[in-house]
Amino acid sequence: SFSETKISLTSGRSRFILTILPASEFPLFEPDEDFSSFSITHSELKKCIYTTEFCMAFKDVRYYLNGLLFEIYNQKFKCVTTDGHRLAYFETDKISDCDFLELSGDSKLQVLLPRKSILDIFKLLNDSEDIVQIHIANGFVKFTLNSYVLITKLIDSKFPEYNRVIPDQTNLSIELNRLDLRDLMIRAAILSTDKFKAIRLEFSDGKLSTSLHNPEHEEMKEDLTINYSGLDFSIGFNIHYIIDALNH
């Protein structure tokens, strides 16, 4: 039963009296009908989010890093994330029904979605070819998928100019088997610690040599046969960053 300020719940021998708030104070979105919109399949949007969400920051004081960037440019859709140490992006042209207001030529449409909203959307996606409609308006994005409608506010900030840290050209490219490299990294990570996470990679003709040391004077070394011929060189990385990337 209800009163103006209380609700009474009774079940068997239990009885609760709870304080209630006026419904008029419930926050409501008032959507602007001037949407920009496009459509994408469940499976493609799921892939976009899965391959990038792991690089979102978590509770960073630079709050614009605690989210995922949607970018629409030249009939392509891109998801971008960075935590200031690493960056991930995924681009697809598998979008349809594009209706972008005030977007033409070389213009870009960018919106920054909060981390929590992205993770909530991801839970609703499946591997089907069903369509997700994405409507972008001033201050929020609306997702319509199957029987769900989810509206999220946006992060009101400018995302870093991520293209500046991606080289236009590289002078070296090496192809490796993803699972072989991932499994090697997982074995090596057993010896990593919170403070010592670096793994050393040494490339030479036909071989990748890896090594990792920790403060307890423990070490690992493992070689991997690869298809490479060129100058010998070595480089170090945070091993957990590599494992995250290979997993995704």
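Biologist: Is Arg187 buried, partly exposed or exposed?

Modeller: Keep in mind that this is a predicted model. Arg187 sits in helix α3 and has 44% relative accessibility. Buried needs a value under 20% and exposed one over 50%, so Arg187 counts as partly exposed.

Biologist: Which residue does Arg187 meet in a salt bridge?

Modeller: The partner lies in strand β14, 35 residues apart from Arg187, so we're looking at a link between distant parts of the chain. That partner is partly exposed, with a relative accessible area of 24%. The N to O distance is 2.6 Å, and the residue is Glu222.

Biologist: How many salt bridges are there in total?

Modeller: The cut-off is a side-chain nitrogen of Lys or Arg within 4 Å of a carboxyl oxygen of Asp or Glu. Glu91 and Lys76 make it at 3.8 Å. By this rule the count is 12.

Biologist: Which residues are linked with Lys76 in a network of salt bridges?

Modeller: Start with the pair itself: Lys76 is in strand β5 and its partner Glu91 in strand β6, 15 residues apart. Lys76 is partly exposed at 35% relative accessibility, and Glu91 is partly exposed too, at 41%. The network that holds Lys76 also takes in Lys78 and Glu91.

Biologist: How many residues apart are Asp244 and Arg86?

Modeller: These two form a salt bridge, with the closest N and O atoms 2.9 Å apart. Asp244 is partly exposed at 25% relative accessibility, while Arg86 counts as buried at 17%. Asp244 belongs to helix α4 and Arg86 to the loop between β5 and β6, and the separation is 158 residues.

Biologist: Moving to the interior, how many residues does the largest nonpolar core have?

Modeller: Several elements give two or more residues to this core, including α1, α2, β3 and β9. Among the residues with the most contacts inside it are Phe38, Ile40, Leu45 and Ile134. The core's size is 26 residues.

Biologist: And how many residues are in the other core, the one with Leu191?

Modeller: That core lies apart from the one just described. Its members include Leu191, Leu201, Leu208 and Leu246. The count is 19 residues.

Biologist: Which residues form one aromatic cluster with Phe38?

Modeller: Phe38 is among the residues with the most contacts inside the largest nonpolar core, and so are Phe70, Phe77 and Phe143. Ile134 is in contact with some of these, including Phe38, Phe70 and Phe143. The cluster joins Phe38 with Phe70, Phe77 and Phe143.

Biologist: Are the rings of Tyr50 and Phe122 stacked or edge-to-face?

Modeller: A search of the whole structure turns up nine aromatic pairs. For Tyr50 and Phe122, the ring centres are 6.3 Å apart and the planes at 15 degrees. Planes under 30 degrees apart pass the test, so the pair is stacked.

Biologist: How far apart in sequence are the parts that this pair ties together?

Modeller: Tyr50 is partly exposed at 35% relative accessibility, and Phe122 is partly exposed with 24%. One ring comes from helix α1 and the other from helix α2, so the pair ties together parts separated by 72 residues.

Biologist: Is Glu44 buried or exposed?

Modeller: Glu44 is in helix α1. Leaving out residues up to four places away in sequence, Glu44 touches Phe90, Thr92 and Lys94. Its relative accessibility is 6%, and the limit for the lowest class is under 20%, so Glu44 counts as buried.

Biologist: What separates the C-alpha atoms of Thr210 and Lys221?

Modeller: Thr210 is in strand β13 and is buried, with a relative accessible area of 2%. Its contacts beyond four places in sequence include Leu184, Ile199, Met220 and Lys221. Thr210 and Lys221 are 11 residues apart along the chain, and their C-alpha separation is 5.5 Å.

Biologist: What value is phi of His217 near?

Modeller: His217 sits in the loop between β13 and β14 and counts as exposed at 75% relative accessibility. Its phi is positive, in a residue other than glycine, and lies near 65 degrees.

How values were computed
Residues are numbered from 1 along each chain as its sequence is written. This is a predicted model: local features need pLDDT of at least 70, side-chain atom pairs count only at pLDDT 80 or more; totals for chains, interfaces and linings use all residues. Side-chain values use heavy atoms; hydrogens and water are left out. A nonpolar core is a set of buried Ala, Val, Leu, Ile, Met, Phe, Trp, Tyr and Cys residues joined through side-chain atoms within 4.5 Å. Buried means under 20% relative accessible area, exposed over 50%, partly exposed in between (1.4 Å probe, protein chains only). Helices (H or I, at least four residues) and strands (E, at least two) are DSSP runs, numbered from the N terminus. Contact means heavy atoms within 4.5 Å. Rings of Phe, Tyr and Trp (its six-membered ring) pair if their centres lie within 6.5 Å; planes under 30 degrees apart count as stacked, over 60 as edge-to-face and the rest as tilted.
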